Amino acid sequence: MSPPANTHLAYTPPDGGWGWAVVFGAFISIGFSYAFPKAIAIFFKEIQDFFGTSYSEIAWVSSIMLATTYGGGPISSILVNRFGSRPVVIFGGLLCGIGMISAAFCTSILQLYICVGVISGFGLALNLQPSVIIIGKYFLKRRPIANGLAMAGSPVMLSTLAPLNQFLFDNFGWRGSFFILGAILLNCCVAGALFRPIGMAADPVQKQTIKQAEKTVKEQPNNSSIEMVPPKTVSLLSGTEDEEDKDCCEKFNKYLDFSLFKHRGFLIYLIGNVLMFLGFFAPIVFLAPYAKHLGIDEYSAAFLLSILAIVDMIARPITGIIANSKWVRPKIQYFFSFSIAFNGACHLLCPLATGYTGLVIYSVFFGLGFGMVCAMLFETLMDLVGAARFTSAVGLVTIAECCTILLGPPIGGTLIDTFGDYKYMFIKCGAVMVLAGTFLFIMNYYNYRMLAKEERERKATEETMKDNKHIRTETEDGNIWAKEKMQDGPEVEPLTDEKEGLKKEVNGKSEV
Amino acid sequence: MRGSGSGSGPGSMRLRLLLSLAALWLSDANEPGTAMTTRDINQQTRESISDYTVKGHDLSTPGSHLSTQDFNQQTEENISNLTSAMYSISIDGFSSAPVEENVTLYSPANITLLCSLTRTSTDSATVEVTWKKDNERVESSNVTINEIQNAWSTQYTLKIRDRNQMGNYACVFKSDQEVKATFHLQVPQIEGKDHHVVSYVGDSVVLVCKSLKYIPINWIWYMSNGSDQVAVNDSLMPDKYIVDEKYANITKLKILKISEKDDRSYWCQAVFKLGESKGKVSLKVLTYMTPLKPFLAIAAEVIILVAIIFLYEMYSKKKQMHAEDEKEFEQIEQLKSEDSNGVENSTTRHRKV
């Protein structure tokens with residue numbers, strides 16, 4: 001039997017106020033993380049001539065950067081679990097800046113791999129994960145909107161960085177551009193400064209009770225509630241933990257929660273997403289070459305990507321708003337599966353578009369689908385595992401996705417080279433995504449049913465335990481006591497005022 | 001020179017197919033000394049065919065104008081390199097604007113220039129047809145003039161062997177009005193770079209020139225010295241200039257140890273059999289101070305913003321702590337009075353809330 005869900009937050013997320021500043025910081029941070037590897041492709045031609053290498057050797061720079069950004073996920077999670085989001089993002093911003101500045105003085109392609117690929121890539125990894133994590137800490141009721149807004153940073157930054165890079169390149173050459181981009185990346189530190197740590201609400205009554213609790217009551221070791229508590233109180237609580245029996249697994253789980261692999265919802269999400277990413281990025285990479293292959297000129301082909309970015313930019317916040325509505329939020333997993341399948345259907349229909357108008361329509365729908373999926377990418381994970389364990393979950397998910405993200409475009413490229421026709425690549429991407437969407441839909445239907453069943457069982461046991469003077473942790477306004485939560489375990493987050501049943505379903509429980 | 005983007009894909013494919021079929025048919029035709037090599041015909045015709053109407057008799061005429069003697073002479077030279085192509089312009093009536101066509105010739109070839117004038121008025125006044133090279137009138141036996149139902153056409157067959165024959169050839173139709181079409185015979189264009197290349201003092205830079213599709217015999221680099229051009233001698237200064245010609249149609253000039261004096265224009269000249277053609281690449285040299293100013297400006301902005309955010313946070317925390325301290329004091333007093341009852345009481349109290 002798996003350990004009970006430790007998915008609760010020991011405080012009420014503000015759902016506003018300083019949270020919007022945090023969303024803005026996350027917007028910048030996420031924007032840089034996703035857009036930067038794509039935007040530096042503008043310099044590749046010149047660097048290729050300078051070092052006398054082939055195009056594929058230069059393209060490795062982008063791939064290494066992307067791989068490090070995703071592969072550095074677990075390390076990022078561990079650091080956030082230990083230090084909180086703010087120091088990690090500031091350090092990440094400094095690392096990015098240093099990487100790019102040193103890249104400006106590189107004399108070989110290998111040095112470029114290290115400076116731009118590894119160092120800056122890792123800095124971006126330290127930016128991406130904490131930004132996503134801290135949104136979960138600041139928002140609950142309005143979390144989908146916050147996620148949608150923050151993820152909109154990616155297309156906005158890409159649309160800004162691409163012409164900016166071209167301008168820098170024309171005026172300063174590639175070395176000067178890298179130098180200045182190092183300074184621009186330091187703005188991630190500004191974003192990090194906005195990530196004010198949030199933990200226990202400064203409620204003096206709670207503080208008192210905790211002080212009482214650690215003296216009088218012996219609580220079970222509770223992994224995930226620790227990171228919700230500010231460092232000062234951690235030291236108070238960990239004192240009691242030292243007296244407990246602690247094997248190395250539990251200690252490691254404090255930093256990176258491997259017990260997530262027993263979490264049903266997490267596994268569903270992991271398998272579905274890993275499958276989806278096989279076909280997610282390839283169409284974007286090959287859209288412009290496909291347009292040129294059909295005889296469309298270079299500028300119109302580039303314009304297709306601009307259309308995609310603009311639609312993407314608008315679609316993400318709107319998807320966030322829709323996902324936040326009371327009809328969709330409880331069943332957000334279905335909405336996510338639907339958007340993946342919609343994306344897949346777009347790709348399957350793309351080969352039917354033969355003219356420029358057809359491709360424009362395809363770009364619009366593709367941008368829509370892409371934005372929908374991206375906006376809900378992390379929201380659904382938060383929804384399944386809860387904000388407390390999300391820190392570790394996002395790290396584990398990104399490193400698993402890393403492989404398929406890197407494999408997707410090369411597989412598409414191989415298909416195009418083998419058959420000499422782009423349509424097989426689109427069919428493959430579309431089929432993979434429709435499959436992923438269907439898989440997620442079915443499995444989440446199963447998951448929702450299991451959650452409902454477990455909730456009914458839990459209520460039944462609680463009713464019996466009520467007689468033994470165990471307090472129900474169900475509240476309406478969200479003042480939750482840490483001590484009581486530790487004993488009971490279930491996640492209770494006030495989402496809406498209606499239907500408790502639905503509420504319980506959304507707060508993912510971890511029994512398998 | 002037309003880019004390959006002009007005309008629809010299937011249209012030009014059909015055209016090429018027809019032309020190659022026509023060429024094959026011609027080679028089978030029982031006319032002595034008429035043979036058209038099909039090699040490269042597709043390439044050249046694809047570039048500059050406009051409004052080409054396929055008519056059987058039009059195709060047959062070029063062949064018949066190659067005299068046996070001329071042809072035999074050519075076969076003695078190097079028949080394998082000879083290409084033949086036809087370029088045509090269709091003029092739509094006397095009132096249309098003068099039409100121009102770029103003909104790119106890479107190596108010696110036999111070309112036929114065809115002008116056709118359509119839609120003249122039914123009043124068929126005599127139309128005088130002349131050809132001009134570089135605005136000088138040409139008299140040649142290689143010119144034919146046809147007229148079919150008020151549609152006039154003329155052909156001029158040329159054997160291009162050296163650079164003197166390159167230039168502008170114009171066909172002029174004159175009755176009471178005059179209209180002309182011009183063929184610009186030129187060597188392939190070289191692609192330099194529109195925007196200047198930026199590099200830094202002490203660094204090295206690679207200037208690239210490309211010749212699309214055609215391979216020049218030789219490349220020569222020049223640098224501008226004031227108003228004239230001086231050849232770049234890489235053998236004389238091997239640690240300053242390196243010319244890399246890994247691929248024959250791309251030339252790369254690598255300049256090492258750049259100094260401010262190297263801030264000038266460079267010309268890459270491609271030598272073809274029928275002439276030369278130049279591309280321009282200009283180099284701009286900056287010092288390391290130039291990007292340093294924006295860098296420092298942005299870094300300063302980052303530091304200022306971070307400082308503002310942290311100061312604001314400390315300020316708002318102080319305010320909050322002040323307000324809390326007062327509240328906390330009161331509530332602690334309250335708690336202490338209830339404390340003796342233990343945990344239960346506090347939770348009971350909480351439940352009421």
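**Exercise 1. A link between chains**

Which side chain meets that of B:Glu313 in a salt bridge? Identify the elements that carry the two residues, and state what the pair joins.

*Solution.* The structure is a predicted model.
Step 1. The partner is A:Arg86, with 2.3 Å from N to O. A salt bridge requires a Lys or Arg side-chain nitrogen within 4 Å of a carboxyl oxygen of Asp or Glu.
Step 2. B:Glu313 belongs to helix α5 (residues 289-339) of chain B, while A:Arg86 belongs to helix α5 (residues 85-103) of chain A, so the pair joins two chains.
Step 3. In general, side chains of opposite charge can pair when their charged atoms come close.
Step 4. Over all chains, the count by this rule is 16 salt bridges.

**Exercise 2. An annotated segment of chain B**

Determine the helix and strand content of the segment that UniProt annotates as "transmembrane region" in chain B.

*Solution.* Step 1. The unreviewed UniProt entry places this feature at residues 294-312 of chain B.
Step 2. Over residues 294-312 the chain is 100% helix and 0% strand.
Step 3. The C-alpha atoms at the two ends of this stretch are 27 Å apart.
Step 4. For another annotated stretch, turn to the UniProt label "domain: Ig-like" (unreviewed entry), which covers residues 98-182 and 188-287 of chain B. Residues 188-287 are 0% helix and 52% strand, with end C-alpha atoms 37 Å apart.

**Exercise 3. A sheet and a hairpin in chain B**

Establish the strand order of the open sheet of three strands that contains β11 of chain B, and then describe the hairpin of β12 and β13.

*Solution.* Step 1. The order is β11-β15-β14, with antiparallel pairing.
Step 2. Strands β11 (205-210) and β14 (241-244) of chain B are the edges, since each pairs on one side only. On average, neighbouring strands of this sheet are turned by 20 degrees against each other, direction ignored.
Step 3. β11(B) pairs with strand β15 (residues 250-255) of chain B over six bridges. In β15(B), B:Thr251 is the bridge partner of B:Cys209.
Step 4. Helix α2 (residues 44-51) of chain A lies across β11 and β15 of chain B, at about 105 degrees to β11(B).
Step 5. Strands β12 (residues 218-225) and β13 (residues 228-231) of chain B run antiparallel and are joined by four bridges. B:Met223 has B:Val230 in β13(B) as its bridge partner.
Step 6. These two strands form a hairpin with two residues between them, and B:Gly226 in the turn has a positive phi of about 75 degrees.

**Exercise 4. Two domain interfaces**

Describe the contact between domains 1 and 2 of chain A, and then that between domains 2 and 3 of chain B.

*Solution.* Step 1. Chain A is divided into domain 1 (14-199) and domain 2 (257-469). Their centres, taken over C-alpha atoms, are separated by 22 Å.
Step 2. The area buried between them is about 2,600 Å², and carbon and sulfur atoms give 69% of it. In domain 1, A:Tyr70, A:Arg143 and A:Pro144 lose the most area to domain 2, together 23% of what that side buries.
Step 3. The rule finds one salt bridge across this interface. The side chains of A:Arg143 and A:Glu379 meet in a salt bridge at 3.4 Å, N to O.
Step 4. In chain B, 38 Å separate the centres of domain 2 and domain 3. The contact takes ten residues from domain 2 and seven residues from domain 3.
Step 5. The area buried there is about 760 Å², of which carbon and sulfur atoms give 64%. One salt bridge is found across the interface.

How values were computed
Residues are numbered from 1 along each chain as its sequence is written. Chains are lettered from A and ligands numbered from 1 in the order in which they are written. This is a predicted model: local features need pLDDT of at least 70, side-chain atom pairs count only at pLDDT 80 or more; totals for chains, interfaces and linings use all residues. Side-chain values use heavy atoms; hydrogens and water are left out. UniProt positions are given in the numbering used here, feature names are shortened, and annotations may be inferred rather than shown by experiment. Two strands pair if DSSP finds at least two bridges between them. Axes are lines fitted to C-alpha atoms, for helices over the stretch in contact, and angles run from 0 to 180 degrees between N-to-C directions. Contact means heavy atoms within 4.5 Å. Domain bounds come from an automatic or database domain assignment. Buried area is the accessible area (1.4 Å probe) that two parts lose on being put together, summed over both.
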